[in-house]
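Hi there,

Here is the structure I promised to pass on. Have a look at it first, and my notes follow underneath.

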Amino acid sequence: MIKSKSGEQSVRNDTYHRFEVGTKGGHAIVIILPGLNDYFFKVDELLANRQVSYEEESIIGKNYGKVF
């Protein structure tokens with residue numbers, strides 16, 4: 001397990017992001033598009049101080065290429 005603080009990049013960009021799913025195996029892979037890390041960082045930064053509405057998060061997401 002990799003532990004990190006808010007805003008830290010815990011896995012290098014060129015590393016596969018692989019997770020084991022469940023006790024019987026299986027796998028999930030998460031593919032993050034360019035700019036999506038910035039979306040998560042911005043939302044995390046705001047959540048550290050207050051709640052973020054769905055509407056506000058949608059606007060932030062659209063700024064970083066996320067489509068709701």
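**How the two helices pack**

H1 and H2 are roughly antiparallel to each other, because the angle between them is about 150 degrees and anything over 145 counts as roughly antiparallel. Their axes lie 9 Å apart, and H1 passes H2 in a right-handed crossing. Please keep in mind that this is a predicted model.

Which residues make the contact? On the H1 side they are Tyr-39, Lys-42, Val-43 and Leu-46, and these meet Glu-56, Glu-57, Ile-60 and Gly-61 in H2.

**A closer look at H2**

H2 spans residues 54-63, and its buried residues are Ser-58, Ile-60 and Gly-61. These buried residues sit on the same side of H2, because they cover an arc of only 165 degrees around the axis. Helix H1, residues 36-47, is part of what covers them. Two of the buried names, Ile-60 and Gly-61, also turn up in the list of H2 residues that H1 meets.

And what does the other face of H2 carry? Turned away from the buried side are the exposed residues Glu-55, Ile-59, Lys-62 and Asn-63. So you will find Ile-59 among the exposed residues, while Ile-60 is among the buried ones.

After H2 comes Gly-65, which has a positive phi, near 90 degrees.

**The protein as a whole**

Stepping back, the protein has two helices and two strands, and from the N terminus on the order is β-β-α-α. It has 68 residues, of which 12% count as buried. The exposed area of the protein is about 6,100 Å², with 55% of that supplied by carbon and sulfur atoms. As for contacts with a separation of 6 or more, 25% of them are between residues 24 or more positions apart.

Happy to talk any of this through whenever it suits you.

Best wishes

Conventions: Residues numbered from 1 in each chain as written. Predicted model: local features only at pLDDT ≥ 70, side-chain atom pairs only at ≥ 80, totals over all residues. Heavy atoms only, no water. Buried < 20%, exposed > 50% of the residue type's maximum accessible area, 1.4 Å probe, protein only. Helix = DSSP H or I, 4+ residues; strand = E, 2+ residues; numbered from the N terminus. Arc of directions from axis to C-beta. Contact = heavy atoms within 4.5 Å. Areas by Shrake-Rupley, 256 points an atom, 1.4 Å probe, with all protein chains shown as cover. Axes fitted to C-alpha atoms, helices over the stretch in contact; angles between N-to-C directions. Parallel < 35°, antiparallel > 145°, perpendicular 65-115°, else oblique. Left-handed = near helix turned anticlockwise from the far one by under 90°.
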